[in-house]
Amino acid sequence: IHELEYLPADYLDWGQAVKICEEHEVYDAAVWALDRKGELRAALTKTEEYERLLSMKVVEHLTQRTPEDEDAVRNLLSSLQRLQHSAVSVCLAHSRPSAEPTTPLEDVWFQLLSSQVGCVHRVSLSCSVQGDPDDAADKHAQLEKEAMSSLSSDFQEQLSSSQGDRISSRNEAIEIWVCLSFGLLLDNRSSTKITSRRLAIL
């Protein structure tokens, strides 16, 4: 992505670039390329699709309980982290005062938030209630704890690390709402339904 950012917008066939990224499972680059192509909503929809795919693979490997699956889970978590970083960066870019959003920012952040929560909820349902994650002998419980910790913290950490980009009170309000909503929803994993799509602090 870093190298592609310096190319003129009309230098590449972005549709073909997205296809190549998908074929090689470089999903974070595919999301970035879709946004560069001018298709923000498509980028967010693809983010949901990729997160569903990757999180289902995490679930599959968590249920296998082999050493090979442990490595696979960590690789998938890394892919999810890169994907989430790309999606958050895209939303932040469209939230800047200098941007000219074609889609209401509330809808943009709501779609991203729903995707993130769905990903965490999907994996949490596969985690066993047995086992002590603090017991060094229970490696599978530790892996489950690692997966949940990674998924639930990455999103908020990425927003927090982007404080330098927050240059308007509206952007700060949106990001605060996203962080608060994400944290509250993770505290109640039995439901991922968001009851309100309105921002009360704009």
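What is the handedness of the crossing of α3 and α4? The crossing is left-handed, and the legends below describe this and other close-up views of a predicted model.

**View 1. The crossing of helices α3 and α4 in the predicted model.** The axes of α3 and α4 come within 9 Å and cross at roughly 165°. An angle over 145 degrees counts as roughly antiparallel, and the two helices α3 and α4 are therefore roughly antiparallel to each other. Their crossing is left-handed. On the α3 side, the contact includes Leu40, Leu44, Thr47, Tyr50, Glu51 and Leu54, together with Ser55, Lys57, Val58, His61, Leu62 and Gln64. Helix α4 contributes residues including Asp69, Ala72, Val73, Leu76, Ser79 and Leu80, along with Leu83, Gln84, Ala87, Val90, Cys91 and His94. Sorted by class, the contact of α3 with α4 has 14 nonpolar, 7 polar and 3 charged residues.

**View 2. The enclosed helix α2.** Helix α2 spans residues 27–36. Of its 10 residues, 9 are buried, so α2 is largely enclosed by the rest of the structure. The buried residues are Tyr27, Asp28, Ala29, Ala30, Val31, Trp32, Ala33, Leu34 and Asp35. The elements that cover them include α1, α3 and α4. Just after α2, Gly38 adopts a positive phi of about 95°.

**View 3. The salt bridge between Lys46 and Glu22.** The side chains of these two residues meet with an N to O distance of 2.9 Å. Lys46 belongs to helix α3 (residues 40–64) and Glu22 to helix α1 (residues 14–23), so the pair ties together parts that are 24 residues apart in sequence. Lys46 counts as partly exposed because its relative accessibility is 22%. Glu22 is likewise classed as partly exposed, at 25% relative accessibility.

**View 4. Glu25, its salt bridge with Lys57 and its backbone.** Glu25 is found in the loop between α1 and α2. Its side chain meets that of Lys57 in a salt bridge, at 3.8 Å from N to O. Lys57 lies in helix α3, 32 residues apart from Glu25, and the pair links distant parts of the chain. With a relative accessibility of 47%, Glu25 counts as partly exposed, and Lys57 is partly exposed with a relative accessible area of 26%. Most residues other than glycine have a negative phi. Glu25, although not a glycine, has a positive phi of about 60°. Lys57 is also among the α3 residues that make the contact with α4.

**View 5. A salt bridge within helix α4, between Arg74 and Glu70.** The closest N and O atoms of this pair are 3.9 Å apart. Both residues lie in helix α4 (residues 67–95), where they are 4 residues apart, about one turn of the helix. Arg74 counts as partly exposed at 36% relative accessibility, and Glu70 is partly exposed with a relative accessible area of 24%.

**View 6. The network formed by Glu22, Lys46 and Glu49.** Salt bridges that share partners join these three residues into one network. One of the links is the pairing of Lys46 with Glu22 shown in View 3. The count of salt bridges in the predicted model comes to 6, including those of Glu25 with Lys57 and of Arg74 with Glu70.

Key: Residues numbered from 1 in each chain as written. Predicted model: local features only at pLDDT ≥ 70, side-chain atom pairs only at ≥ 80, totals over all residues. Heavy atoms only, no water. Salt bridge = Lys/Arg side-chain N within 4 Å of Asp/Glu carboxyl O. Buried < 20%, exposed > 50% of the residue type's maximum accessible area, 1.4 Å probe, protein only. Axes fitted to C-alpha atoms, helices over the stretch in contact; angles between N-to-C directions. Parallel < 35°, antiparallel > 145°, perpendicular 65-115°, else oblique. Left-handed = near helix turned anticlockwise from the far one by under 90°. Contact = heavy atoms within 4.5 Å. Nonpolar A, V, L, I, M, F, W, Y, C, P; charged D, E, K, R; others polar.
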